[in-house]
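Hi,

Here is the structure I promised to pass on. Have a look at it first, and then read my notes below.

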Amino acid sequence: MTATEDLEQRIQSFPRQRTYLLPALHEVQEAYGWLPPDALEALGLHLRVPKSEVFGIASSFPDFLLSAPTRTERTCTGASCRVLGGPSHAEATADCLFVCGVGPASEVDGRLVGRGGLKSEVPTVTSGTLVQDGSCSRAVADTARAGGTHVGCAGNCWQAPALSHDGGSTWTSQNTAWTPPGERWLLHDVGRIDPYAPKLYAAFEKALSMGTDRVWELVRESGLRGRGGAYFPVGAKWETARNTAADKKFLLVNAEEGEPGIYKDRHLLEGDPHRVVEGILIAAFGIGATNVVIFVNGEARLSHERLLVAIEAARRAGNVYLPLEVRQGAGGYVLGEETALINAIHGLRAEPLARPPFPAVSGLQSSPTVINNVESLTNLPDIILNGADWFRSVGTQSTPGTKLVSLAGGVRQPGLHEVPLGTSLGTILDAYGGGATADLSAVLVGGPSGSILPTSLLETPFDVQALQSVGGILGAGGIVALTTQQCPVAAVRELVAYNSRESCGKCTPCREGTVRMLNLFEDIQHGRSSNETFSTLEDLNDILAFGSLCGLGQMAPNPVRALLRHFGPEVEAHKNGRCPAGVCA
Ligand code: SF4
């Protein structure tokens with residue numbers, strides 16, 4: 001078969017509908033390593049999408065390549081990797097490679113490399129020994145080829161590659177031994193079970209026996225709030241879709257997780273994909289959904305592979321009672337916006353829409369669509385089995401349950417930790433993170449839309465309301481500890497730069513405002529700021545917060561406001577041309 005025939009065959013395997021644009025682009029890039037212009041043209045002709053639009057949409061996703069790759073190395077420029085010493089000699093850079101626990105990270109010829117290239121040997125093991133085998137461990141050792149029983153990473157990325165001889169209670173690696181602290185709900189089986197082995201769906205069976213109304217009531221009574229960042233009550237979102245009359249109703253599972261520094265959903269999908277699938281089936285039943293679409297991050301290849309195996313096993317067991325489709329994304333922080341995600345699945349640019357209507361009323365194919373994220377759904381099996389009171393026994397009154405924290409930066413035990421909501425930031429750093437590696441100057445909480453907090457606020461509970469009271473947000477649960485060798489101004493400048501790159505450009509305040517904000521930060525960093533710089537910055541904060549269409553622009557001022565509120569002396573020093581940490585030129 002010639003190359004042209006091969007291309008034709010690949011493209012024509014897709015139904016002639018625009019919604020297949022993203023999967024078809026993936027197919028072509030998978031085959032050729034990039035998206036050649038003739039492929040884009042052929043694809044547009046087949047899917048009946050103008051080639052200018054095909055090009056525009058492909059170019060709006062960071063993971064699609066419109067020119068043949070000449071560079072084979074990308075080095076992570078995320079905050080946690082920078083704390084750990086990267087980037088240094090990169091030929092090209094990536095915003096986040098999502099293996100923050102083994103940073104500094106890079107990607108060479110499509111393979112993740114952790115700890116700046118330092119490889120570890122996997123000891124020879126006997127059968128019965130558990131071998132941690134997830135994205136982080138594969139980045140630092142050849143765990144895929146190790147003996148023993150392969151399990152997902154228990155969250156102890158800092159130990160990778162780690163082994164357990166007692167069924168996952170204790171983990172050892174070189175000279176370290178670790179027992180996961182506290183009670184683990186979502187991570188209970190992660191690191192204990194073979195993610196490829198079938199699992200019984202006892203909670204789903206119980207849900208079926210309870211009936212759809214009771215499942216919804218129980219979820220509402222539990223007080224579960226969405227864990228994607230907005231913390232909207234899950235039961236209330238379901239209720240809107242349930243009460244909207246329609247022939248079709250969708251559950252759209254957001255497994256995109258495009259926020260730098262966040263790798264919780266990948267851990268769940270790599271370590272216990274069946275719990276995720278069971279949660280999805282329970283939700284679909286409680287909502288009264290007729291269809292499920294799962295949107296997985298395009299770079300989360302191991303998650304995708306293990307999810308597909310779990311779905312197939314669930315199908316064979318007769319548990320998948322409705323049409324369920326898996327789609328892959330191609331990057332983009334803006335996909336955290338529900339309407340942008342829906343647009344991407346429809347084969348349109350990933351741009352948010354004005355609301356109302358909300359997706360729970362009109363979303364995928366203009367049908368009621370509930371969008372829940374992986375972590376939210378993974379809570380459901382235990383809620384069904386143990387009840388609402390059990391769920392409310394942990395966490396805070398307004399936000400019960402546990403939260404997965406992606407912990408990185410200047411701590412001894414970076415990785416994924418499960419903490420009761422309301423645990424103080426200091427306890428998370430010490431009891432879970434093993435303490436700081438050096439004197440800390442600040443913590444970044446909540447990612448690019450979050451805040452920077454001084455160490456004097458480490459007693460603040462990790463909770464939606466408590467963080468709001470100090471100008472922060474919980475977000476998706478990312479915490480990066482900064483040591484005194486990092487500059488808070490430079491750290492916030494990187495968040496501003498990220499928001500500017502990720503702005504979809506649809507509305508002027510965000511498109512222009514984030515760039516202007518970045519220019520001002522460069523002036524501040526390089527001793528060129530004046531009082532006018534800061535008054536313009538304050539104006540921009542207000543304009544973005546009130547004038548932007550979606551959360552990305554509305555929350556872009558959060559880290560800037562937190563910096564101005566909590567780091568007056570450091571900002572003042574920069575105004576006088578001095579960086580106390582010696583980072584800014
Ligand atoms: S706020 Fe930013 S990301 Fe959101 S729609 Fe406007 S330009 Fe796009």
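**The ligand and its shell**

There are 15 residues around the ligand, and those that come nearest are Cys504, Cys507, Cys510, Cys550 and Gly553. Keep in mind that this is a predicted model. By class, the shell around the ligand splits into eight nonpolar, four polar and three charged residues. Helix 20 and helix 22 each put at least two residues into that shell. Where does the ligand lie with respect to domain 4 and domain 6? Both domain 4 (202-388) and domain 6 (488-575) give residues to the shell, so the ligand lies between them.

**Domains**

For orientation, the domain assignment of the protein chain goes like this:

- domain 1: 3-60
- domain 2: 73-117
- domain 3: 130-178
- domain 4: 202-388
- domain 5: 402-483
- domain 6: 488-575

I also looked at how domain 2 meets domain 3. Their C-alpha centres lie 21 Å apart. Eight residues from domain 2 and eight residues from domain 3 take part in the contact. On the domain 2 side, the residues that touch domain 3 are five nonpolar, two polar and one charged.

**The four-strand sheet**

Next up is an open sheet of four strands, ordered 2-1-3-4 and with mixed pairing. Strand 2 (93-94) and strand 4 (111-113) are at its edges with a single partner strand each, so one side of each has no neighbour in the sheet. Strand 1 and strand 2 run parallel and are joined by two bridges. The bridge partner of Cys76 in strand 2 is Ala94.

Arg74 may catch your eye here, as it sits in strand 1 (residues 73-76). Is Arg74 buried or exposed? Arg74 is buried, because 21 other C-beta atoms lie within 10 Å and the cut-off for buried is 20 or more. The C-alpha atoms of Arg74 and Cys96 are 9.8 Å apart, with the two residues 22 apart along the chain.

**A buried loop residue**

Ala141 is in the loop between helix 6 (135-140) and strand 6 (149-151). With 25 other C-beta atoms within 10 Å, Ala141 counts as buried. Which residues does Ala141 touch, if you skip those up to four places away in sequence? They are Lys119, Ser120, Glu121, Val122, Ala160 and Pro161. Val113 is 28 residues from Ala141 along the chain, and the C-alpha atoms of the two are separated by 9.1 Å.

**The largest core**

The largest nonpolar core contains 175 residues, and Leu251, Val253, Ile280, Ile282 and Val443 have the most contacts inside it. Helix 11 (residues 273-287) gives the most to this core, nine residues in total. As a general point, nonpolar side chains tend to be buried together in soluble globular proteins. If you want one residue to click on, try Val253: leaving aside neighbours within four places in sequence, its contacts are Ile280, Val292, Ile294, Phe295, Asn372, Val374 and Leu377.

**Strand 16 and its partners**

How many of the six residues of strand 16 are buried? The answer is six of six, which makes strand 16 mostly covered. Strand 16 (residues 440-445) pairs with strand 17 in the antiparallel sense, over four bridges. Along that pairing, Leu444 stands opposite Ile452, and Ala442 stands opposite Pro454. Five residues lie between the two strands of this hairpin, where Gly446 takes a positive phi near 95°. Strand 16 also runs antiparallel to strand 18 (residues 478-483), with five bridges joining them. In that pairing, Val445 faces Ile479 of strand 18.

**Helix 23**

Last one: helix 23 (residues 557-566) is mostly covered, with seven of its ten residues buried. The buried ones are Pro557, Asn558, Pro559, Val560, Ala562, Leu563 and His566. What covers them includes strand 17 (451-454), helix 19 (488-502), helix 20 (508-525), helix 21 (531-547), helix 22 (551-555) and helix 24 (568-575). You will recognise helix 20 and helix 22 from the ligand shell, where each supplies at least two residues.

Cheers

Methods: Residues numbered from 1 in each chain as written. Predicted model: local features only at pLDDT ≥ 70, side-chain atom pairs only at ≥ 80, totals over all residues. Buried ≥ 20, exposed ≤ 12 C-beta atoms within 10 Å, placed from the backbone. Contact = placed C-beta atoms within 7 Å. Pairing = 2+ DSSP bridges. Core = buried A, V, L, I, M, F, W, Y, C linked by C-beta atoms within 7 Å. Domains from an automatic or database assignment. Nonpolar A, V, L, I, M, F, W, Y, C, P; charged D, E, K, R; others polar. Near = placed C-beta within 6 Å.
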